[in-house]
Amino acid sequence: MKAVVIRTFGAPAGLEVVDLAEPVPAPGRLRIATEAIGVGGVDAVIRRGTLAAYGFREGHLLGSEVAGSVTAVGEGVDASWVGRRVWAFTGLSGGYAEQAVAAVEDVLPLPDGLNGADAVTLGGSGVVAHFALDRARFAPGEAVLVRGAAGSIGITAVQLAARGGAGAVAVTTSSPERGARLRDLGATHVLDRSGGGGPDTPSGFDVVIDVVGGSRLPSFLDRLNANGRFVAVGVVGGQPPADFGMRLMDAFRRSLSFSTFSSDTVPGPERQAVRASQFTDAVHGNLRTVVHEVLPLDRAAEAHRKMDAGEVFGRVVLTP
């Protein structure tokens with residue numbers, strides 16, 4: 001089968017299309033003929049070699065989120081899965097391929113009316129956005145800032161905050177055009193990447209959901225209101241400065257909170273329940289997905305170049 005692996009860490013050119021043997025599902029797992037493959041920010045972080053210390057090696061088969069039809073099941077898995085269209089989380093590898101394997105507990109049937117591209121745009125990111133707001137104890141009437149809102153996590157967080165009755169939903173983004181699209185999705189204030197905005201921009205925020213990280217993270221801690229909560233859900237802009245926590249200590253009397261969030265810490269059944277609900281919302285038009293572009297699998301390097309260049313609004317999807 002055709003697949004995409006990391007030949008060398010670094011630039012997108014280090015991705016390589018290879019032929020691999022078709023995987024055989026182990027007990028408790030099933031195999032999926034992919035029709036859509038999500039290209040996420042974590043894929044780019046792994047490709048750059050940033051996470052090599054965590055065991056990722058050159059030759060790694062990228063991809064964590066696919067949609068398609070079940071073609072085979074391993075021992076202990078109900079054979080009735082075969083032929084069903086599903087969304088699946090494959091872990092942090094195995095998705096950029098014509099056939100992918102996932103544990104049965106990480107597979108969810110797709111509702112009628114939801115296509116594969118929309119499923120892989122929402123399936124992983126929607127859960128992160130939902131539980132990040134929950135971790136932040138977001139309440140109606142509060143001011144929310146979504147930093148790095150043009151990706152699929154940010155786009156969903158904007159919609160959920162607006163739907164949840166936020167008093168303000170501010171976003172950081174790179175252009176007025178993107179800002180206008182985010183306003184259409186529920187944002188009320190558009191800031192530039194450094195956090196600058198118009199005279200009506202809230203002076204502070206009760207909740208910050210941050211996908212970016214990077215060197216500017218400390219300055220956004222300064223934007224929290226008293227008792228404000230900052231939740232980091234990604235580091236697509238790199239790691240923050242090692243001493244960023246001093247900003248919290250300097251503001252000790254304002255009782256600020258900082259946390260990281262990974263959906264890995266949420267029990268599987270809870271993730272799947274939220275995911276199923278969001279899929280239903282998407283079918284009924286109550287939650288919008290934004291697919292930036294659909295590209296063939298053998299153009300995965302191009303998809304990564306677009307991400308690195310900041311050209312993507314929403315999610316790029318690959319198809320075999």
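## F258, a residue in between

With 26% relative accessibility, F258 counts as partly exposed, because that label covers whatever falls between under 20% (buried) and over 50% (exposed). Keep in mind as you look around that this is a predicted model.

You'll find F258 in strand β13, which covers residues 257-260. Setting aside neighbours within four places in sequence, F258 is in contact with L217, L221, F230, A232, F244 and L248. If you want a landmark, try N227: it sits 31 residues from F258 along the chain, and the C-alpha atoms of the two are 11 Å apart.

## R229 and its backbone partners

Now hop over to R229, in strand β12 (residues 224-232). Is R229 buried or exposed? Its relative accessibility is 8%, so R229 counts as buried.

What does the side chain of R229 reach? One partner is the backbone oxygen of A136, at 2.8 Å. Another is the backbone oxygen of N227, at 3.2 Å. Beyond four places in sequence, R229 touches A136, R137, F138, E142, D206, V207, V208, L224 and S257. So A136 turns up twice for R229: as a polar partner and in the list of touching residues.

## Two nonpolar cores

Next, the greasy part. The largest nonpolar core has 48 residues, and the members that touch the most others are L182, I209, V233, F261 and F279. Several elements give two or more residues to this core: α2 (116-135), β8 (143-147), α3 (152-163), β9, β11 (205-210) and α7 (268-283). Which of them gives the largest share? That's α2, with ten residues.

Take F261 as an example of a well-connected member. Leaving out neighbours within four places in sequence, F261 is in contact with V128, F131, A132, R135, V231, A232, V233 and V266. Apart from this core lies another one, of 37 residues, including V39, L62, V86 and L297.

## A168 in strand β9

A168 lies in strand β9, residues 168-172. At 7% relative accessibility, A168 falls under the 20% cut-off and therefore counts as buried. Its contacts, not counting neighbours within four places in sequence, are E142, A143, V144, T188, H189 and P202.

How far apart are the C-alpha atoms of A168 and L297? They are separated by 39 Å, and the two residues are 129 apart along the chain.

## Q99 and its polar contacts

Strand β6 (residues 99-103) is the place to look for Q99. Q99 has a relative accessibility of 14%, so Q99 counts as buried too.

Its side chain makes a polar contact with the side chain of T71 at 3.3 Å, and another polar contact, of 3.5 Å, joins the side chains of Q99 and R31. Apart from residues up to four places away in sequence, Q99 touches M1, E22, P23, R31, I32, A33, T34, T71 and G94.

## Where two helices cross

Finally, look at helix α1 (residues 41-48) and helix α8 (residues 300-308). They pack at an angle of about 100 degrees, with their axes 11 Å apart. An angle from 65 to 115 degrees counts as roughly perpendicular, which is why α1 and α8 get that description.

Which residues meet here? From α1 come D43, A44, R47 and R48, and from α8 come H304, M307 and D308. Sorted by class, the contact has two nonpolar, one polar and four charged residues.

How values were computed
Residues are numbered from 1 along each chain as its sequence is written. This is a predicted model: local features need pLDDT of at least 70, side-chain atom pairs count only at pLDDT 80 or more; totals for chains, interfaces and linings use all residues. Side-chain values use heavy atoms; hydrogens and water are left out. Axes are lines fitted to C-alpha atoms, for helices over the stretch in contact, and angles run from 0 to 180 degrees between N-to-C directions. Helices (H or I, at least four residues) and strands (E, at least two) are DSSP runs, numbered from the N terminus. Angles under 35 degrees count as roughly parallel, over 145 as roughly antiparallel, 65 to 115 as roughly perpendicular and the rest as oblique. Contact means heavy atoms within 4.5 Å. Ala, Val, Leu, Ile, Met, Phe, Trp, Tyr, Cys and Pro count as nonpolar, Asp, Glu, Lys and Arg as charged, and the others, Gly among them, as polar. Buried means under 20% relative accessible area, exposed over 50%, partly exposed in between (1.4 Å probe, protein chains only). A polar contact is a pair of N or O atoms within 3.5 Å; within protein, one must be able to donate a hydrogen and the other to accept it, and residues adjacent in sequence count only if both atoms are side-chain atoms. A nonpolar core is a set of buried Ala, Val, Leu, Ile, Met, Phe, Trp, Tyr and Cys residues joined through side-chain atoms within 4.5 Å.
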